[in-house]
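These are my notebook entries on a two-chain model. I set down each item as I looked it up.

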Amino acid sequence: MRKLTLAIAVIVPMLGHAASAEDSLKIGYIDPLSGGGASVGEGGLKTFQYLADELNVKGGILGHKIEIVPLDNKTNPQESLVQAQKAIDAGVHYITQGNGSSVGAALSDFVTKNNSRNPGKEVLYFNYAAVDPSLTNEKCSYWHFRWDASSDIKMEALTNYMKDTASIKKVYLINQDYSFGQSVRTDARKMLGAKRPDIQIVGDELHPLLKVTDFSPYIAKIKASGADSVVTGNWGQDFALLLKAAADAGLKVNWYTYYAGGAGGPTAIKQTGLDGQVFQITEGFANSGNKAAMDYEKAFRAKVNLSLWYPRAVNEMRMFKAAAEKANSIDPVKVAAALEDLKFDVLDGGQGIMRKDDHQFLQPIYISSFGKLTESEPFDEESTGWGWHLVSRIDTPQAMVSTTCKMARP
Amino acid sequence: MLELIVISTLNGVLFGMLLFLLSSGLTVIFSMMGVLNFAHASFYMLGAFFGFQLTKWIGFWPALVVAPLLVGAIGMAVERYGLRNTHKHGHVAELLLTFGLAFAIEEIVSMIWGKSPLDYRVPALLDFPAFTIFSTNYPAYKIFMLAVSVIIFVALLIVLKRTRVGLIVQAALTHPHMVGHLGHNVGRVFMAVFGVGSALAALAGVIAGPALVTQSDMAASLGPILFVVIVFGGLGSLPGAFIASLVIGLVQTFAVALDGSLASAFGPLDPSAGPSVLTDVWNVTIAQVAPIVPYLLLVVILIVRPMGLMGTRES
């Protein structure tokens, strides 16, 4: 009798596990969970786990429970491919990644090759934050879908705003030395040159990615250049430390950024005391004013204890569900076909569309500034008492740039 | 331009002094035991994390004293129960021990405190601009870091060169058996030196934590540059480590501050103007290569003067 009980005790949980593993829909989350990018990667993981739990409560996708499989890539393209292979071997058909366009390019290429070599075992790559334009232009792939606005779309919107700000005379560019940072600097030079030829670019800096621990030499250089505005695509600790060094040196300039809201950023801005002088461009933010999004933010913060830094991840998972339901299948090939030209109401309000030509999601985007809040703006960041304040909303038709993608379709 | 030079010099000296706090212990331990202590930068990291935790519990100033003492005690235990036992198996075993220790400490730290950067703030007492030159503020905390480093340097020099304790330590470095025969406990000397070296690294961690980033990869990112410092300065030489720290601190800071590329050195004859596959190479700026400059220095010094700047022996 005891033996039988023991056998049941051992076998039953195994059966249960095997059954759930077969049913579950695994999404490989490949992002940094250690090293300089860890803070960003961990935030993303918590967001996706929250989204998976949320969908699972309502029965998952077509009855399949969603399971997020965390894989640490250390922000390294080579390591990412090892992790992607590991995920595929474990039966994953969907991978999602965001931090680092160098990683994004490697993964897109890897997935494309994998799918041409293993028909019937296709893998889709859902990109929620790698914004290098080349991923939806010369390096575009049918198997890659991007939910974040690409770097050139963001720069287009940002320079449209800067163009009308007459006080900008001297601009300093500081970016990370890799594909994304380089695309920010070239786009900024090109677009500012076209829209405001009178603006002088007084500095153009590239520094190593996630390696600098003290930015004071760079700040000294910005100060010496006499710049009144800085444009930067820095993210993670590269932004937080940059602002921290600026605060220490008392550098007072306007900051036009992509990722000022990332972990550590708001704290650093509060330290500098730059009320309303740090701008960021995103597809949504806590105080956007949209009722549904703000309720969502509240629930998210209560459960995860973080602010929702990736509204695009919400769009990604919801659209994944919509596409799977439209195709009535979780087969990656059918889901990919269903995603093309799929229209979708985004979290922060308004309609977006997954453009068929290049698999870039087109959506409304927002410019916001960081500082003291008014009554109608309930959300602060990192307990600073300061939060994001709407500066400008750019609707989908104005937030588009053309693509050169010539997609090879299966 | 003058502003940039003054600020860069200050920043460079500061970074150099921080490197010195770390390398002083490492270089003495190296000449004592003949092996590189791979875990040295890990003691620096432990210092920062202990500093962060103790600051929460008992405040920054007590933490500044207690954290190095704790780490010093850990260092002594490592020497007494780890290195002394592996010593008889030769240098490779000792090297592997410190190597493994470095990984173990990193994993333990990230298990306890996580892998994200900690919010380790500058104490309120020192959170103000010390002075303003050319409209740039220089934070008081950085002056404090500088002062601590200079005090430690002077104290170390006096202890090693002017006291009986220093005499015995120096003798034990080169002639351990003779010192033993004279009735001194050489084992205890080694243990004490290892402890003091670890404590100094921890002190550097406590004061650098709030100014730089406190996270579990800080040891790995600083470790390699320490080896550059001690090889560059000459193994076992304190003045050598001091000079090398300052040189590397200044070189790294100024490399960032300088604009200019290989191409611009040619003035109007700029070779990158012509069509060439090498255009990218010509246009790489000094700022972009800043992170590899110290390692280039290491290679050059090993070729030109293998014993280092102030070193006395070849190995």
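**Entry 1. Conventions.** I take two strands as paired if DSSP finds at least two bridges between them. Helices (H or I, at least four residues) and strands (E, at least two) are DSSP runs, numbered from the N terminus. The model is a predicted one, in which local features need pLDDT of at least 70, side-chain atom pairs count only at pLDDT 80 or more, and totals for chains, interfaces and linings use all residues. Residues are numbered from 1 along each chain as its sequence is written, and chains are lettered from A and ligands numbered from 1 in the order in which they are written.

**Entry 2. The seven-stranded sheet of chain A.** I began with the pair β9 (residues 254–257) and β10 (residues 278–282) of chain A, which run parallel and are joined by three bridges. Within this pair I found A:Thr257 opposite A:Gln280 of β10(A). I then traced the whole sheet: it is open, has seven strands and follows the order β7-β6-β8-β9-β10-β14-β15 in chain A, with mixed pairing. Its edges are β7 (200–207) and β15 (387–394) of chain A, each of which pairs on one side only. From one strand to the next, the twist averages 20°. I noted that helix α7 (residues 216–225) of chain A packs on this sheet and touches β6 (170–176), β7 and β8 (229–232) of chain A. Contact here requires C-beta atoms, placed from the backbone, within 7 Å of each other. The direction of α7 makes about 170° with that of β7(A); axes are lines fitted to C-alpha atoms, for helices over the stretch in contact, and angles run from 0 to 180 degrees between N-to-C directions.

**Entry 3. The three-stranded sheet of chain A.** I recorded an open sheet of three strands in the order β11-β12-β13 of chain A, with antiparallel pairing. Its edge strands are β11 (343–345) and β13 (361–362) of chain A. Two bridges link β12 (residues 351–354) of chain A to β13(A), and A:Met354 stands opposite A:Phe361 of β13(A).

**Entry 4. Domains of chain A.** Which residues make up each domain of chain A? Domain 1 comprises 2–149 + 293–362, and domain 2 comprises 152–282; the bounds come from an automatic or database domain assignment. I found their C-alpha centres 30 Å apart. Each domain brings 15 residues to the contact between them. On the domain 1 side, α2 (38–57) and α4 (101–117) of chain A each supply at least two residues. By class, that side has six nonpolar, eight polar and one charged residues; Ala, Val, Leu, Ile, Met, Phe, Trp, Tyr, Cys and Pro count as nonpolar, Asp, Glu, Lys and Arg as charged, and the others, Gly among them, as polar. I also consulted UniProt, where an unreviewed entry lists "domain: Leucine-binding protein" at residues 25–368 of chain A. UniProt positions are given in the numbering used here, feature names are shortened, and annotations may be inferred rather than shown by experiment. That span is 44% helix and 19% strand, and its end C-alpha atoms lie 36 Å apart.

**Entry 5. Chain B.** I examined a hairpin formed by β1(B) and β2(B), with two residues between the strands. B:Phe134 in the turn has a positive phi of about 50°. Strand β1 (residues 129–133) of chain B pairs with β2(B) in the antiparallel sense over four bridges, and B:Pro129 has B:Pro139 as its bridge partner. The unreviewed UniProt entry places "transmembrane region" at several spans of chain B, including 58–78 and 189–212. I find residues 58–78 of chain B to be 95% helix, with end C-alpha atoms 26 Å apart. Residues 189–212 of chain B are 96% helix, with ends 33 Å apart.

**Entry 6. The interface between the chains.** How many residues does each chain bring to the contact? Chain B gives 24 residues and chain A gives 29. On the chain B side, α1 (2–33), β2 (136–139), α10 (238–257) and α12 (286–289) each supply at least two residues. The largest share of that side, six residues, comes from α1(B). By class, the chain B side has 12 nonpolar, eight polar and four charged residues.

**Entry 7. Confidence.** The model scores ipTM 0.78 and pTM 0.82. pLDDT is the predictor's confidence in each residue, from 0 to 100. Chain A averages 90, and 95% of its residues score at least 70. I flagged residues 13–21 of chain A, where pLDDT is below 50; beyond near neighbours in sequence, this stretch has one contact in the model. Where pLDDT is low, the predicted coordinates should not be read in detail. Chain B averages 85, with 91% of residues scoring at least 70. Its confidence is lowest in helix α11 (residues 279–282) of chain B, at a mean of 65, and highest in helix α2 (residues 40–58) of chain B, at 94.

Terms used:
Contact = placed C-beta atoms within 7 Å.
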